[in-house]
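Trainee: Could you take me through one part of this predicted model up close, and then show me how the inside and the open spaces around it are laid out? I'd like one connected story rather than a list.

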Amino acid sequence: MMAPTTDSAGNTEDAAAARASLETLRTEIAKAVVGQDPAVTGLVVALLCRGHVLLEGVPGVAKTLLVRALASALELDTKRVQFTPDLMPSDVTGSLVYDTRTAEFSFQPGPVFTNLLLADEINRTPPKTQSSLLEAMEERQVTVDGTPRPLPEPFLVAATQNPVEYEGTYPLPEAQLDRFLLKLTIPLPSREDEIAVLTRHASGFDPRDLHAAGVRPVAGPADLEAARAAVAATTVSAEITAYVVDICRATRQSPSLTLGVSPRGATALLAAARAWAWLTGRDYVTPDDVKALALPALRHRVQLRPEAEMEGVTADSVINSVLAQVPVPR
């Protein structure tokens with residue numbers, strides 16, 4: 001075997017340092033958020049894949065705090081938009097403002113011009129405003145008055161929605177759901193974790209002051225770039241590619257679904273599995289990596305039949321059934 005060149009050796013060292021930095025994220029974020037390791041991992045995977053995340057959970061499970069803590073630990077800029085029925089597209093993207101001093105219109109950037117955009121309760125705003133995010137999520141730019149304006153890099157939309165309250169909400173259309181790389185469910189904490197949360201608050205923890213909580217930057221944009229390059233070099237065998245395709249095609253034949261996973265969903269699953277494989281210290285993808293990311297990557301891309309939903313069937317149970325039936329490559 002040939003010895004690595006200086007460049008490849010340097011790249012390997014950068015990738016190893018980036019992985020070590022990203023591995024410390026859990027510890028750093030745990031200073032503010034208790035017991036949400038899977039969600040932290042999902043957000044990191046999305047950043048590595050240049051994807052976006054839909055966070056679903058009841059109010060009060062630290063969805064907002066999780067995103068803020070991640071931004072602090074990665075030294076990234078973050079902004080929060082509370083989506084309401086009267087929110088206009090320009091409130092998100094920005095607009096042209098007339099300057100009386102120069103007698104000209106100038107562009108006033110909206111909150112979407114950030115690294116981590118927290119779209120809080122995204123399903124509470126009408127489709128017109130929801131669609132204002134589509135160009136930003138897909139093209140990573142905003143077009144106002146015919147002029148495209150690039151968004152900062154990295155850029156991630158973390159949108160939240162409440163799974164139990166539908167009064168005054170506008171369900172996200174399938175086309176927009178498909179733009180999210182992952183859908184992460186934020187569960188209620190266990191008894192031990194909830195005791196730890198209350199103990200912290202009794203000791204003076206202030207969720208609005210992450211600096212006082214001890215959250216410090218442990219990685220940055222340079223680490224993300226090195227990590228993304230390493231993920232892109234992670235090997236995907238023909239057998240793994242075929243396995244991903246077979247899983248997605250099987251959802252289209254499920255009797256419980258009216259809509260199966262699209263080719264974009266297959267691409268998302270493969271990308272997420274690749275990022276997860278690299279995060280766990282491997283330069284190749286295994287079937288277990290695909291299985292580990294199947295639920296968050298696919299659960300929002302399928303649509304249940306009404307009769308199956310009435311019988312208590314869920315998207316997760318259908319995907320688990322598909323995973324159990326599709327032959328695993330050896």
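**A close look at Thr 125**

Mentor: Leaving out residues up to four places away in sequence, Thr 125 touches Phe 83, Thr 84, Pro 85, Leu 87, Gln 130 and Tyr 170. Keep in mind that this is a predicted model. Along the chain, Thr 125 sits in the loop between strand 5 (116-120) and helix 6 (127-130). Is Thr 125 buried or exposed? Thr 125 counts as buried because its relative accessible area is 0%, and the cut-off for buried is under 20%. One of those neighbours also offers a polar partner: a polar atom of the Thr 125 side chain is 3.0 Å from the backbone oxygen of Thr 84.

Now for the nonpolar interior. The largest nonpolar core has 75 residues, and Leu 22, Leu 48, Leu 70, Trp 278, Val 290 and Leu 298 have the most contacts inside it. Helix 12 (residues 263-279) is the top contributor to this core, giving nine residues. Take Leu 22: setting aside neighbours within four places in sequence, Leu 22 is in contact with Val 44, Leu 48, Leu 74, Ala 219, Leu 224, Ala 227, Trp 278 and Leu 279. There is also a second, separate core of 23 residues, with Leu 117, Ala 119, Phe 155 and Leu 172 among them. In soluble globular proteins, nonpolar side chains tend to be buried together.

On to the empty space. The structure holds one cavity of 30 Å³ or more, and the largest cavity has a volume of about 30 Å³. Its lining is made up of Arg 26, Ile 29, Ala 30, Val 33, Gln 36, Asp 37 and Val 40, with helix 2 (25-29) and helix 3 (37-48) as the elements that give two or more residues. By class, that lining has four nonpolar, one polar and two charged residues.

The pockets come next. The largest pocket has a volume of about 770 Å³. It is lined by 26 residues, and Glu 56, Gln 161, Leu 177, Lys 183 and Glu 309 are the closest to its centre. Twelve of the lining residues are nonpolar, eight polar and six charged.

The second largest pocket holds about 610 Å³. Its lining has 32 residues, with Gly 60, Val 61, Ala 62, Lys 63 and Leu 65 nearest its centre. Helix 9 gives the most to this lining, with five residues, and the class split is 15 nonpolar, nine polar and eight charged.

Terms used:
Residues are numbered from 1 along each chain as its sequence is written. This is a predicted model: local features need pLDDT of at least 70, side-chain atom pairs count only at pLDDT 80 or more; totals for chains, interfaces and linings use all residues. Side-chain values use heavy atoms; hydrogens and water are left out. A nonpolar core is a set of buried Ala, Val, Leu, Ile, Met, Phe, Trp, Tyr and Cys residues joined through side-chain atoms within 4.5 Å. Buried means under 20% relative accessible area, exposed over 50%, partly exposed in between (1.4 Å probe, protein chains only). Helices (H or I, at least four residues) and strands (E, at least two) are DSSP runs, numbered from the N terminus. Contact means heavy atoms within 4.5 Å. On a 1 Å grid over the protein atoms alone, a cavity is a set of points where a 1.4 Å probe fits but cannot get out, and a pocket is an open set with protein on both sides within 12 Å along at least five of seven lines; lining residues have an atom within 4 Å of a point. Grid points are joined across faces, edges and corners, and a volume is the space filled by probe spheres set on the points. Ala, Val, Leu, Ile, Met, Phe, Trp, Tyr, Cys and Pro count as nonpolar, Asp, Glu, Lys and Arg as charged, and the others, Gly among them, as polar. A polar contact is a pair of N or O atoms within 3.5 Å; within protein, one must be able to donate a hydrogen and the other to accept it, and residues adjacent in sequence count only if both atoms are side-chain atoms.
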